[in-house]
Amino acid sequence: MRVLITGGAGFIGSNLADYLLDMGCSVIVYDNFDDYYSGKIRNVRHMLDDDNFRLLRADVLNYSSLLNAMKRVDVVYHLAAQPGVRFSMANPEKTIRVNVLGTLNVLKAALKAGVGRIVDASSSSVYGNPVYLPEDELHPTNPISVYGASKLMAENLCRIFHNEFGLPVVVLRYFTVYGPRQRPDMAICRWVKAILRGDPITIYGDGSQTRDFTYVMDAVEGTVKAGLAGGIEGEVFNIGSGVRVSINDLVKMLIEICGVDDVKIKHEPPKAGDVKDTHASIAKASRLLGYRPKVDIREGLKLFVSWFRENLVR
Ligand code: NAD
Ligand code: UGA
């Protein structure tokens, strides 16, 4: 099977690329190494010698290079994006440009190239503040961040291309993913870095907000299944752990796992665009994809901390 991963040099995308190469797929990573954060080449360097691997340094805003790259591709995993809820509130134009126009280009090129399946990486941010928990896929979508709005617009484009043009698209709503190669702007990565350096950590708000944290290999397995399962075109799936944890409890666990005493915790006002709670119902993904997350939060945090200690590079 020949697959193309947009954003394949990033956190989730590079873990997905490793997994698909191990499965024996031919993998094309399509990524512009965007300067939102640096060091992504480390995520894919070890793949460069693999005959089944090809790296294309290119932009999803470039339609003709996307179209060229998609020739004879069976599955496109579209993960390229401008991520970051908080970033999107200060930089709305870039978020909308990459996430909306970039996705439009991917869908247009996939339709033209006759790709067999497109898996779109969406986000729990499309729900906004929950009206009930856990959130199933029918929960209202009222995003409160520009990022969430951009991902919802991208989802709408996927639905339109599926319904009106028959494009075989599947949408995945990831819930706060963590693990090796996590983006440096995300909470767990920031906190582990600070704790291990002896710096204070910052919590936005009082820390009572909750998140469904998803271990990256669980998210990757759900993503691979979404590229393969039959009869799911046009469907939307939550990809979470199915468990929610408060930020205060998470911080306690991290401090314990890092084994550092006297960590100073600073509080700052809550950030614009930050939802109060997320909690995924994973019943649909379990039923139709056979998705079964395996790594619980304590085990996942231990795996992340030991990866971070070995790769303390940034
Ligand atoms: P990431 O930033 O590590 O990966 C995104 C990749 O896309 C990067 O390698 C970047 O260089 C690339 N990219 C950015 N703009 C591009 C462009 N114009 N052309 C080509 N490539 C471009 O982020 P991630 O956390 O791995 O997220 C992957 C996907 O999952 C994104 O679509 C994100 O919105 C979504 N998502 C992530 C999370 C999470 O918790 N990490 C949760 C929900 C959804
Ligand atoms: C994450 C990803 O960054 C988004 O790309 C993704 O779409 C989203 O999950 C999702 O699930 O859809 P977020 O939940 O904000 O967004 O992830 P973190 O950066 O890990 O933040 C988790 C919580 O910790 C938030 O409440 C945030 O405000 C808080 N936080 C973050 C702090 O208190 N301190 C920090 O230094 C960083």
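A polar contact here is a pair of N or O atoms within 3.5 Å, and within protein one of them must be able to donate a hydrogen and the other to accept it, while residues adjacent in sequence count only if both atoms are side-chain atoms. What I am showing is a predicted model, in which local features need pLDDT of at least 70 and side-chain atom pairs count only at pLDDT 80 or more, whereas totals for chains, interfaces and linings use all residues. Residues are numbered from 1 along each chain as its sequence is written, chains are lettered from A and ligands numbered from 1 in the order in which they are written, and side-chain values use heavy atoms, with hydrogens and water left out.

Let me start with the ligand. A polar side-chain atom of Tyr-37 lies 2.5 Å from an oxygen atom of ligand 1, and polar side-chain atoms of Lys-151 and Lys-40 lie 2.9 Å and 3.0 Å, respectively, from an oxygen atom of ligand 1. Taken alone, ligand 1 exposes 820 Å², of which the protein buries 97%, with areas from the Shrake-Rupley method and a 1.4 Å probe.

Around ligand 1 there are 29 residues, counted if a heavy atom lies within 4 Å, and Tyr-37 is among those that come nearest, together with Asp-31, Asp-59, Tyr-147 and Val-177.

Turning to helix α5, residues 92–113, its 22 residues should span 32 Å at 1.5 Å a residue, and this agrees with its end C-alpha atoms, which are 31 Å apart; the expected span is 1.5 Å times one less than the number of residues. After α5 comes Gly-114, whose phi is positive, near 70°.

Definitions and conventions
Helices (H or I, at least four residues) and strands (E, at least two) are DSSP runs, numbered from the N terminus.
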